[in-house]
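Work through the following exercises with the sequence and the model beside you. Try each task before you read its solution.

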Amino acid sequence: MTFLAISRFRVKNNMQQEVKTAFQNRPHLVDAVHGFVDMEVYCPQDDDSEFWLLTRWVDEASFLSWHNSDAHHESHKGIPKGLKLDPSMTFVRHFNLISN
């Protein structure tokens, strides 16, 4: 089974470039985590303040284990200082693969 976690957030204070740079220079701590498959980050063409983070896992248990780990919290230390997000545009959804 493949599990997908999709996170969406919108930057409120014009720090889009700093967020993009942080993702491009991320510490890759998740890459060696058991059950991790891959990660992609997107911005819609019509709104570069909105970010969509897609992470694929072999199963939900692997994702939850990572999400609750110290390494997960450590990986967020690269978040730009002073970043403000729009709480109405922030969410995480979980998906199971039906077909590919």
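Helices (H or I, at least four residues) and strands (E, at least two) are DSSP runs, numbered from the N terminus. The model is predicted, and local features need pLDDT of at least 70, side-chain atom pairs count only at pLDDT 80 or more, while totals for chains, interfaces and linings use all residues. Residues are numbered from 1 along each chain as its sequence is written, and side-chain values use heavy atoms, with hydrogens and water left out.

**Exercise 1. A histidine in a helix**

Task: Find the helix in which H72 lies, decide whether H72 is buried or exposed, and list what H72 touches beyond its sequence neighbours.

Solution: Begin with the location, which is helix 3, made of residues 70-75. Next, take the relative accessible area of H72, which is 11%; buried means under 20%, exposed over 50%, and partly exposed in between, with a 1.4 Å probe and protein chains only. H72 is therefore buried. Finally, look for contacts, meaning heavy atoms within 4.5 Å: when residues up to four places away in sequence are not counted, H72 touches W66 and H67.

**Exercise 2. The order of the strands**

Task: Work out in what order the 4 strands of the open sheet are arranged, and which strands form its edges.

Solution: Two strands pair if DSSP finds at least two bridges between them. Applying this rule gives an open sheet with the order 2-3-1-4 and antiparallel pairing. Strand 2 (36-42) and strand 4 (91-96) are the edge strands, since each pairs on one side only. Neighbouring strands of this sheet are turned against each other by 15 degrees on average, direction ignored, where axes are lines fitted to C-alpha atoms, for helices over the stretch in contact, and angles run from 0 to 180 degrees between N-to-C directions.

**Exercise 3. The surroundings of strand 3**

Task: Describe how strand 3 is paired, which helices lie across it, and how many of its residues are buried.

Solution: On the side of strand 1 (residues 3-10), strand 3 (residues 50-57) pairs in the antiparallel sense over 8 bridges, and one example is F9, whose bridge partner in strand 3 is F51. Strand 2 is also joined to strand 3, by 6 bridges and again antiparallel; here Y42 has W52 as its bridge partner. Turning to the helices, helix 1 (residues 16-24) lies across strand 1, strand 2 and strand 3, and runs at about 20 degrees to strand 3. Helix 2 (residues 60-67), by comparison, lies across strand 1, strand 3 and strand 4, at about 120 degrees to strand 3. Because 6 of the 8 residues of strand 3 are buried, this strand is largely enclosed by the rest of the structure.

**Exercise 4. Salt bridges**

Task: Determine how many salt bridges the model has, and describe the pairs that E40 and R26 form.

Solution: A salt bridge is a side-chain nitrogen of Lys or Arg within 4 Å of a carboxyl oxygen of Asp or Glu, and by this rule the count comes to 7. E40 forms a salt bridge with R56, and their closest N and O atoms are 3.4 Å apart. This pair links distant parts of the chain, since E40 is in strand 2 and R56 in strand 3, 16 residues apart. E40 is partly exposed at 28%, and R56 is partly exposed at 25%. For R26, the partner is D31, with an N to O distance of 3.2 Å; R26 counts as buried at 18%, whereas D31 counts as partly exposed at 36%.

**Exercise 5. Nonpolar cores**

Task: Identify the residues of the largest nonpolar core and the elements that give two or more residues to it.

Solution: A nonpolar core is a set of buried Ala, Val, Leu, Ile, Met, Phe, Trp, Tyr and Cys residues joined through side-chain atoms within 4.5 Å. The largest one has 7 residues, namely F3, A5, V30, F36, W57, F63 and W66. Strand 1 and helix 2 are the elements that give two or more residues to this core. A second, separate core has 5 residues, among them F9, V11, V19 and F51. As background, nonpolar side chains tend to be buried together in soluble globular proteins.
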